[in-house]
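Subject: Handing over the structure, with notes on what was found

Dear colleague,

I am passing on to you the structure we spoke about, and I would be grateful if you could look through it with the notes below beside you. The sequence and the structure come first, and my notes come after them.

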Amino acid sequence: MEQIKKYIIALTSLYGIVPIDKVAEIYNMQNEDQISFDDVESYYYEDLSKHYVYAHKNHFVHETIMEFNDFKSMLRKKADKPYYVPNQEELLKYSDPNYYEKPKQYHDLCKYSKNNFFVGDDEKAELLCDNIMWKCRDDFNIQEVFDLFNTFEVNFKDEKQVNEVMQMVMELANNVRLWENNGHTPNEIFEKCEKPHLRPLPDKPFELDGADIFDFKTGNKVGRNDPCPCGSGKKYKKCCLGKDEEN
């Protein structure tokens, strides 16, 4: 298989949708022989459907997205998110349509299933975890995951075990590579795009300034010489101000 074609197939598998110029950019990042937009575009008119790749509006698109008419909605989800670019060896593994990266959380869940639900039947445990992995990649729904456990006739010992397993499933869901994240996992996107914009909590607990007291009847700030909002008839400074500062 030509190297450029291999990149097109691998990147479409990893990203779901990839523009022609992005293929050329990533190829040139990882190869000494440089290519142009036109070199990649020549494959735009080649039938790649046997590799689940279709050409649409200057993009290479995975068959599943075309089948469900999800092109526009997927582009919206992917907008402004950075691309995950693995090294060449890892990237080209995606040219195999059956390949997907199995994170540590997948292996943890698989090991747990083998030891607790399918003792002596590793194949069934792996099949369950493969199915859960696909659910995590495709519009994750916790109820559908529960249904999978029922389908595989898993009997949980107690509520504690249910919670333990569901925690492992959630950790897996947060560490799978998603098309809508341009190949990043939810955790990676959080760290790269969301976490930097979070406002840090103050080092010290919030303390209410005694002078910044408001009368809830009027909505006005209470000054030191104003009537105390407690209704005593005294000035605020002679009544509750000292109490508020003590608290």
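What follows is an account of the fold as a whole, then of one sheet and the helices on it, then of a pair of helices and a few single residues.

Please keep in mind throughout that this is a predicted model. The protein has 247 residues, of which 38% count as buried, and its secondary structure consists of 12 helices and five strands. If one takes the contacts with a separation of 6 or more, 54% of them are accounted for by residues 24 or more positions apart.

The sheet

Three of the strands form an open sheet, in which the order is E1-E3-E2 and the pairing is antiparallel. Its edges are strand E1 (17-19) and strand E2 (53-56), each of which pairs on one side only. On average, neighbouring strands of this sheet are turned by 25° against each other, with direction ignored.

Strand E3 (residues 59-62) pairs with E2 over four bridges in the antiparallel sense, while the antiparallel pairing of E1 with E3 has three bridges. To follow the pairing residue by residue, you may start from Val-61 in E3, which is the bridge partner of Ile-17 and also the bridge partner of Tyr-54; Phe-60, likewise in E3, is the bridge partner of Ala-55. From E3, His-59 and Val-61 point one way, whereas Phe-60 and His-62 point the other way, and all of these residues are buried. The hairpin of E2 and E3 has two residues between the strands, and in this hairpin Lys-57 takes a positive phi near 50°.

Helices on the sheet

Helix H2 (residues 20-30) packs on the sheet, where it touches E1 and E3, and the direction of H2 makes about 80° with that of E1. The buried residues of H2 are Ile-20, Lys-22, Val-23, Ala-24, Ile-26 and Tyr-27, and what they pack against includes E1 and E3 as well as helix H1 (3-15), helix H3 (37-41) and H6. Helix H5 (residues 71-78) lies across E1, E2 and E3, and runs at about 75° to E1.

The pair H7 and H10

Further along the chain, the axes of helix H7 (104-116) and helix H10 (residues 159-173) come within 8 Å and cross at roughly 150°. Angles over 145 degrees count as roughly antiparallel, and H7 and H10 are therefore roughly antiparallel to each other. The crossing in which H7 passes H10 is left-handed. On the side of H7 the contact is made by Gln-105, Tyr-106, Asp-108, Leu-109, Tyr-112 and Asn-116, and on the side of H10 by Gln-161, Glu-164, Val-165, Met-168, Val-169, Glu-171 and Leu-172. Sorted by class, the residues in this contact of H7 with H10 are seven nonpolar, three polar and three charged.

Single residues in loops

Lys-102 is found in the loop between helix H6 (88-92) and H7, and with a relative accessible area of 37% this residue is partly exposed. Leaving aside residues up to four places away in sequence, Lys-102 touches His-107, Asp-130 and Met-133. Of these contacts, the one with Asp-130 joins residues that are 28 apart in sequence, with a distance of 9.3 Å from C-alpha to C-alpha.

Two further loop residues may be worth a look for their backbone angles. Most residues other than glycine have a negative phi. Glu-153, however, has a positive phi near 55° and is not a glycine, and Asn-182, also not a glycine, has a positive phi of about 55°. Glu-153 lies in the loop between helix H9 (142-151) and H10, and Asn-182 in the loop between H10 and helix H11 (186-194).

Is each of these two residues buried or exposed? Glu-153 has a relative accessible area of 63%, and because exposed means over 50%, Glu-153 is exposed. For Asn-182 the relative accessibility is 2%, and this residue therefore counts as buried, the limit for buried being under 20%.

With kind regards

Note on methods:
Residues are numbered from 1 along each chain as its sequence is written. This is a predicted model: local features need pLDDT of at least 70, side-chain atom pairs count only at pLDDT 80 or more; totals for chains, interfaces and linings use all residues. Side-chain values use heavy atoms; hydrogens and water are left out. Two strands pair if DSSP finds at least two bridges between them. Axes are lines fitted to C-alpha atoms, for helices over the stretch in contact, and angles run from 0 to 180 degrees between N-to-C directions. Contact means heavy atoms within 4.5 Å. Buried means under 20% relative accessible area, exposed over 50%, partly exposed in between (1.4 Å probe, protein chains only). Angles under 35 degrees count as roughly parallel, over 145 as roughly antiparallel, 65 to 115 as roughly perpendicular and the rest as oblique. A crossing is left-handed if the near helix is turned anticlockwise from the far one by less than a right angle, and right-handed if clockwise. Ala, Val, Leu, Ile, Met, Phe, Trp, Tyr, Cys and Pro count as nonpolar, Asp, Glu, Lys and Arg as charged, and the others, Gly among them, as polar.
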